[in-house]
Every structure is written in C-alpha cells, then in structure tokens.
Amino acid sequence: MIYINGEYFEKENAKISVFDHGFLYGDGIFEGIRVYNNLIFRLNDHLLRLYESAKTIALEIPLSFEEMNQAVIETVRKNGLASCYIRLVVSRGYGDMGVDPRKCKKTTVVIIVTQINIYPPELYETGLSVAISAARRMRDDMLSPRIKSLNYLSNVMAKIEMNRQGMAEGIMLNSSGYVTEATVANIFIVKKGELLTPPKSVGLLEGITRNTIIELAKDAGITVKEELFTAFDLYNADECFLTGTASEVVPVVSIDGRIIGEKKAGPMSRRLLELFHVRTTWDGTKVI
Ligand code: PMP
C-alpha cells in the first residue's frame, strides 16, 4: 500500500499527475529509510533532514513533524514487512507549465514501502572496485547537496560513466578537486588508524549512516577527522569504505586501479559494520 496525500493505494493505482512539478522540474525532496525487524532506523534523523531540505527550498510540508512520523509508521504497518525500505517523497505538487512554485497549490506527499535491494553478502568481504568520475558534485555554496532533492542528474551521470567502465560505484570530486562522496553513499578512508571523511562544506549529502558511523567510531575511541582530501589520499589510504542506508558499510578495495590495503575488507570497516549492525537492533522507532 502506498501513501499519497493521506490516502492509501495499491501499487498499480498509486499515481500522481504529469503536471506535478516534482516530475516537470525536479522540484522536490526525498528520504530513503530502512526498517530492521520492525524498527525504523533513525526515523527522527531522516525526518529532521527532510524538514531541513524542505525549509531550504521553501517547500511547505502540509504535515507536522509528528503527523509525518505517524504517517510513515502507519504506512510501514499497513505493508506488513518486518524489514524493508521506505521512500518518502515530497514534491511541489500539481501546477501548470512554468517553474513558478506559486502555481502549485498542494504539496504532494508520497510514502512507498518496498523490499530493499542490497549488495550480495560476499561483497562485504571482497569489497568494491570503484573509479573517480568525471562528473563533479556541486559545491555547498552553489546548490547545496545537503538538500536531498529530486535533482540527481550529476549522480546519474557518474553512474552512467561507472556502468561503462564496469565499476560498482563512482567517487565524485567537487569543482576544486576535493573528494566529496560516492553517487549514493558517503566515503571514509583510514590512515594510520585514524578515520577521515570529508566535511559537509565540501558539498555532500550529510548521510544518516555517515553520522552514525562517526558516532560509533568516536564511542569506540577511534580518532575521527572531518577534513578535505584528494585523490592522492584515496589512492594511499590503508582502508576505504562507503556508507549509506542501503549499503551500510561497504569496503572499497580498488580505486582507479590502485589497490587499497589488502584488497579485502579491512579491520576498521569490519569493526564498524559490526557496531552498525548492533545499533540497528535498537536505535529506531517501533512499528509494532
Ligand atoms: N550521498 C548521497 C548522494 C546519497 O544519495 C545517499 C543515500 N541517501 C548518501 C550519501 C547516504 O546517505 P544515508 O546514509 O542517509 O543513506
């Protein structure tokens, strides 16, 4: 059952207008959230990010934070899946031709609950081969990538490049050449026992998984630094891994043909994935 503006529809009947500005102009925002064994992982953090994205693009969400919280829980409940993926989309709504958001009188809110596509388990041991894409990420002082918007074209362009090269993921730099993130995941490297990840100001989506990993690492006494780094640092890292709602913590073992570490999951990524899994067993909102 799919939630659209307060009503529930079967998949076949869940439709929105072609005049919706989310479709016409990419004028909208979204969240991807995971449910583990009837616990919605960090729902509160996802909703905070959604409402911040909305505020940034001056999009009025017609539901209060608490109403949205309830709508998400109710939609998961109705679908009866203990472990699944939630796609929450809020768009400017039905308007006419012309980019002016004032034409859109009613914001569209959609909540989809579905099975999750995840990497095969062996990849968490063998790791991913990736490349740096020619497609760049927007800097934070331009259209901020911290808005989780319906504009994913630069990420899609990077993905197309990676498909052509037979790479699992692409690492995106910003216009100054600093490492930002992967196409749908954040990036971390390990150097001399310290964990490094780019700062928000480089231009990246502030991932909920990223923030969870930073917290878990700090709690475990690991030094975490949010600092700028380049391809040089990637190639010479002791370990590299990506984080995201779907991928959790997935090791990277080759970047542009340079082998990273032992060409398999390193001790830091293993340890953090384990800690992350423990976290998903209790850190969330109960569905039932
Ligand atoms: N960066 C981008 C561009 C993404 O699309 C995602 C996935 N939402 C992430 C990072 C990871 O964010 P999260 O951990 O919140 O899933």
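Let's count a residue as near a molecule if one of its heavy atoms lies within 4 Å of it. By that yardstick, 17 residues surround the ligand here, and the closest are Lys-148, Tyr-152, Glu-181, Thr-209 and Thr-245. Keep in mind that this is a predicted model, where local features need pLDDT of at least 70, side-chain atom pairs count only at pLDDT 80 or more, and totals for chains, interfaces and linings use all residues. Residues are numbered from 1 along each chain as its sequence is written, and side-chain values use heavy atoms, with hydrogens and water left out.

Now for the ligand's polar partners. An oxygen atom of the ligand is 2.5 Å from an N or O atom in the side chain of Tyr-152, and the side chain of Arg-49 has an N or O atom 2.9 Å from a ligand oxygen. Glu-181 deals with a nitrogen instead: a ligand nitrogen is 2.5 Å from an N or O atom of the Glu-181 side chain. On its own the ligand has 390 Å² of accessible area, and the protein covers 95% of it (areas come from the Shrake-Rupley method with a 1.4 Å probe).

Which elements give two or more residues to the shell around the ligand? They are helix H6 (208-219) and strand S13 (239-244). Helices (H or I, at least four residues) and strands (E, at least two) are DSSP runs, numbered from the N terminus. By class, the shell has five nonpolar, eight polar and four charged residues; Ala, Val, Leu, Ile, Met, Phe, Trp, Tyr, Cys and Pro count as nonpolar, Asp, Glu, Lys and Arg as charged, and the others, Gly among them, as polar.

Next, take two glutamates. Is Glu-31 buried or exposed? It sits in strand S3 (residues 28-36) and counts as buried because its relative accessibility is 0% (buried means under 20% relative accessible area, exposed over 50%, partly exposed in between, with a 1.4 Å probe and protein chains only). The Glu-31 side chain makes a polar contact with the side chain of His-46 at 2.7 Å; within protein, such a contact is a pair of N or O atoms within 3.5 Å, where one must be able to donate a hydrogen and the other to accept it, and residues adjacent in sequence count only if both atoms are side-chain atoms. Glu-52, in helix H2 (residues 43-56), is exposed, with a relative accessible area of 54%.

Finally, look at a loop. Asn-5 lies between strand S1 (2-4) and strand S2 (7-9), and its phi is near 45 degrees, a positive value in a residue other than glycine.
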